[in-house]
Amino acid sequence: MTYAIVMFGEPVLEKQAETVTDFDSPELHRLVDAMFESMYAAKGVGLAAPQIGISKRIAVIDLSVAEDPQQKIILINPEIIGKEEMQTGEEGCLSLPGFREQVTRPRKVTVRAQNIKGETFETSGEELLARAFCHEIDHLNGRLYISHVSALKRDLIRRKVRKLAKAGEWG
Ligand code: NI
């Protein structure tokens, strides 16, 4: 099943998502599968559950965009437990189509999360993967990448989105 991506402006994107407590259930498996499908349909490399309107602490990442099953990552209740160095690069978001901005993030990130069975694991990523970890975990905390750009740029994006929404061309 594919869900529509929730667009910037919807309150679900700007609130703290709820901790997952029920593991290995058919519902959780279905939801994670639907998240991957929805992400691939939108040609994204990462998706957080609030982006399909579900306020739960679940994120999926696949930098290969369905090319390599080994690169599929499921993060449930993730938290960043280590950061090293910094990187600046272009970032976008499926909930803000048409926009990209330079964002500074840690270059190496270690995450602690639970898998679909509820087992805790740790994983590390560098460069694009580190950026994806930060971006998706931000989503679970109600934060979009534009909170990391200047107020001036953020206001410009907000104004453009308002204009698109007025014209019926947003979401
Ligand atoms: Ni995003």
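**Legends to the close-up views**

Residues 24 or more positions apart account for 63% of the contacts in the protein with a separation of 6 or more.

**View 1. Overall fold of the predicted model.** The secondary structure of this predicted model comprises 3 helices and 5 strands, and these elements follow one another along the sequence in the pattern α-β-β-β-β-β-α-α. With a radius of gyration of 16 Å, close to the 16 Å that the globule rule gives for 171 residues, the protein is as compact as a globular protein of that length. Measured out along its principal axes, the C-alpha trace spans about 45 × 40 × 30 Å.**View 2. Surface, interior and charged side chains of the protein.** Of the 171 residues, 47% count as buried, while the protein as a whole exposes about 9100 Å², of which carbon and sulfur atoms supply 48%. The charged side chains number 23 positive and 25 negative, and the centres of these two sets lie 8 Å apart.

**View 3. The nickel ion and its protein donors.** The nickel ion has as its protein donors the SG atom of Cys93 and the NE2 atoms of His135 and His139, which lie 2.0 to 2.3 Å from the ion. Read in sequence order, these donor residues are spaced C-x41-H-x3-H. Cysteine 93 and histidine 135 link distant parts of the chain, being 42 residues apart: cysteine 93 sits in the loop between β3 (73–91) and β4 (101–114), whereas histidine 135 belongs to helix α2 (residues 127–140).

**View 4. Burial of two nickel donors, cysteine 93 and histidine 135.** Are these two donor residues buried or exposed, given that the cut-off for burial is a relative accessible area under 20%? Cysteine 93 has a relative accessible area of 9%, so this residue counts as buried. Histidine 135, with a relative accessible area of 7%, is therefore also classed as buried.

**View 5. Aspartate 33 in helix α1 and its spatial relation to methionine 1.** Aspartate 33 is part of helix α1, which covers residues 26–41. The relative accessible area of aspartate 33 is 47%, a value that falls between the cut-offs of 20% for buried and 50% for exposed, so this residue is described as partly exposed. Although 32 residues separate aspartate 33 from methionine 1 in sequence, the two are 7.8 Å apart in space, taken from C-alpha to C-alpha.

Key. Residues numbered from 1 in each chain as written. Predicted model: local features only at pLDDT ≥ 70, side-chain atom pairs only at ≥ 80, totals over all residues. Heavy atoms only, no water. Helix = DSSP H or I, 4+ residues; strand = E, 2+ residues; numbered from the N terminus. Rg over C-alpha atoms; globule rule 2.2 N^0.38 Å. Buried < 20%, exposed > 50% of the residue type's maximum accessible area, 1.4 Å probe, protein only. Contact = heavy atoms within 4.5 Å. Areas by Shrake-Rupley, 256 points an atom, 1.4 Å probe, with all protein chains shown as cover. Lys, Arg positive; Asp, Glu negative; His and termini not counted. Charge placed at Lys NZ, Arg CZ, Asp CG, Glu CD. Donors = N, O, S within 2.8 Å, 3.2 Å for Na, K, Ca; no water.
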